[in-house]
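Trainee: I have this model open and would like a close look at a single part of it. Could you pick one helix, walk me through it, and then show me how its surroundings and the rest of the chain read in the same terms?

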Amino acid sequence: MTAGFDIRLHDTLAGEKRLFEPADPERVSMYVCGPTVYARAHIGNARPAVVFDLLSRLLRRRYGADKVVYVRNFTDVDDKIIVASQETGEPINAITKRYEEFYVQDMGALGVLRPEIEPRATGHIDDMVRMVATLIENGVAYHHVESGHVLFEVAAYAGYGQLSRVKQDEMIAGARVEVAPYKKDPADFVLWKPSAPDEPGWESPWGRGRPGWHLECSAMIGALIGPTVDIHGGGHDLRFPHHENEIAQSACAHGGAPLARYWMHNGFLRMGADKMSKSLGNIVLTHDLLKDWRGEVIRWALLSAHYRQPLEWTDELLEATGRSYERIVRPLIESADTFHDVRPVFDDALVAALSDDLNTPKAFAELFRLADRLRDDPREETYAALLGSAQLLGVVGDALPETASPRPAVAGAEAAKIEAALTEWASLRAAKDFADADALRDAWAAKGVLFEARKDGPSWRRG
């Protein structure tokens, strides 16, 4: 496929799929709301990281790796972080540093590439103070002197609600809007809040305090990219109030300039019928999943449904994804010695599927087509297309794994023993020596290694 292929993305603000046209093809920009670093990332947190990593890969393919500027922030000043520090007695910077590192490790295990820029909110306090001052000067924010709060006056911005498409009173009724005496209206949101002596704070014209959460992203986008970013992404739950508030304050601070040319939101991840949430106690940590599954398998599972749709997270999904992973990795491993010098390429049909608003179900169907073709008729061009396409999706890294097992990789010596036992097990079954085959299988099962007979050959996985 030529470098000039078109990309179409669903723009939440427009409510439709649009041809993607960056303001400057030489500097394509994307900003995605990152984690608040006070706890390990759960699998719901991982979905936007994986989705927008895939989009960044596609953008680099289309415009060139050096033309894409991807920014994903770390929120390292937040009430939840303060509470964690107060409960544990641990310094805030120690908490945020540790969980930032954990986040990078966990997402890296899912094949998420590091964005070009990863700003911390605390590194842009001056930018936030300047933005608040501008909003006050422009008459859309006010300082409640008695309380020390600075608030954005929602009624002063006529376009409020354009992203959510819900009337203001309905939005407020359905959200956790704080009714406070320092507000002119319950919908007004905090730009700057006072800090107690034992809380982190910075000096400002309105007293010692810290920024409101919504302010952080707008200020970092303005400082690192400019008034308008090409793509702003995040989870569906951020549409209101977070992104709605970002739009309002940014437009009012930058002469009406839109904050983003395209808005993209991934759907919820659900545990059965319920959205994953701490209040329901159904949180599944990415770190824990990685003990039982390869990161590539977890990534595949997160991409198995279209990104805008809800995703039901179940053990059955992971088992099915594990089998899918084996189906494409096994023929690559088996053909690797023959085609080890082949340069990976991208399959046109798969790139076309991803270019259609990241249609991952169709892209995976194309991946299966290539894998089946390689298995049935090994050819250099098929190997190159399968390898390159799997790498574009991020379900295969720069180096092939030692085995096709969807379970975590094991040390080379142990893997060799398992593969030898698997071969012996298959031979015993072929010779119809089922008693010895079952005994061998059971012995390895007791060690947590499961042998399985598949149409494309014997396989093993961690049990």
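Mentor: Happy to; what follows starts with helix α3 and then moves outward to other places worth a look. Please keep in mind that this is a predicted model.

Let's start with the helix itself. Helix α3 covers residues 92-109, which makes 18 residues. From its first C-alpha to its last it reaches 26 Å, close to the 26 Å expected at 1.5 Å a residue. Its buried residues are Ile95, Thr96, Tyr99, Glu100, Tyr103, Asp106 and Met107. Seen down the axis of α3, these buried residues fall within an arc of 135°, so they line one face of the helix. Turn to the other side of α3 and you meet Asn93 and Lys97, which are exposed.

What lies over the buried face? The cover on the buried residues of α3 includes helices α1 (43-63), α2 (79-88) and α8 (286-289), together with strand β4 (68-72). Another detail is worth displaying with the side chains switched on: the charged end of arginine 40 sits over the ring of phenylalanine 102, 3.8 Å from the ring centre. After α3 comes glycine 111, and its phi is positive, near 80°.

That glycine leads us to a residue in one of the covering elements. Arginine 57 lies in helix α1, and it is buried, with a relative accessible area of 14%. Leaving aside neighbours within four places in sequence, arginine 57 is in contact with Gly111, Leu113, Arg299, Gln391, Leu392 and Gly394. So you can select Gly111 once and follow it both ways: to α3, which it follows, and to arginine 57, which it contacts.

For a second helix, try α15 (434-445). At 1.5 Å a residue, its twelve residues should span 16 Å, and its end C-alpha atoms are indeed 16 Å apart. The buried residues here are Ala437, Leu440 and Trp444. Viewed down the axis of α15, they fall within an arc of 65°, so they too line one face of their helix. Trp444 also has a charge at its ring: the charged end of lysine 447 sits over it, 4.2 Å from the centre.

Just ahead of this helix is a backbone detail. Lysine 432 lies in the loop between α14 (412-430) and α15, and it has a positive phi of about 60° although it is not a glycine. Most residues other than glycine have a negative phi, and most peptide bonds are trans. Aspartate 357 also has a positive phi, near 55°, in a residue other than glycine. Its place is the loop between α11 (348-355) and α12 (360-376). The surroundings of the two residues can be read from their accessibility: lysine 432 is exposed, with a relative accessible area of 65%, whereas aspartate 357 counts as buried at 0%.

The peptide bonds have something to show as well. The bond from phenylalanine 240 to proline 241 is cis, with omega near 5°. Proline 241 has its place in helix α7 (residues 239-253).

You may also wonder about the cysteines. A search of the whole structure finds zero disulfides. Take cysteine 33: its closest cysteine sulfur is that of cysteine 217, 3.8 Å away, which is too far for a bond because a disulfide needs the two sulfur atoms within 2.5 Å. Both cysteines are buried, cysteine 33 at 12% relative accessibility and cysteine 217 at 1%.

Aromatic rings make a good last stop. The count of aromatic pairs comes to eleven, and ring pairs link Phe20, Tyr63 and Tyr262 into a cluster. For one more aromatic residue, go to tryptophan 192 in strand β7 (residues 189-194). Tryptophan 192 is buried, with a relative accessible area of 0%. To get a sense of distances across the model, compare tryptophan 192 with aspartate 348: they are 156 residues apart in sequence and 50 Å apart in space, C-alpha to C-alpha.

Technical notes:
Residues numbered from 1 in each chain as written. Predicted model: local features only at pLDDT ≥ 70, side-chain atom pairs only at ≥ 80, totals over all residues. Heavy atoms only, no water. Buried < 20%, exposed > 50% of the residue type's maximum accessible area, 1.4 Å probe, protein only. Phe/Tyr/Trp six-rings, centres within 6.5 Å; stacked < 30°, edge-to-face > 60°. Lys NZ or Arg CZ within 6 Å of the ring centre and 35° of its normal. Helix = DSSP H or I, 4+ residues; strand = E, 2+ residues; numbered from the N terminus. Expected span 1.5 Å × (residues − 1). Arc of directions from axis to C-beta. Contact = heavy atoms within 4.5 Å.
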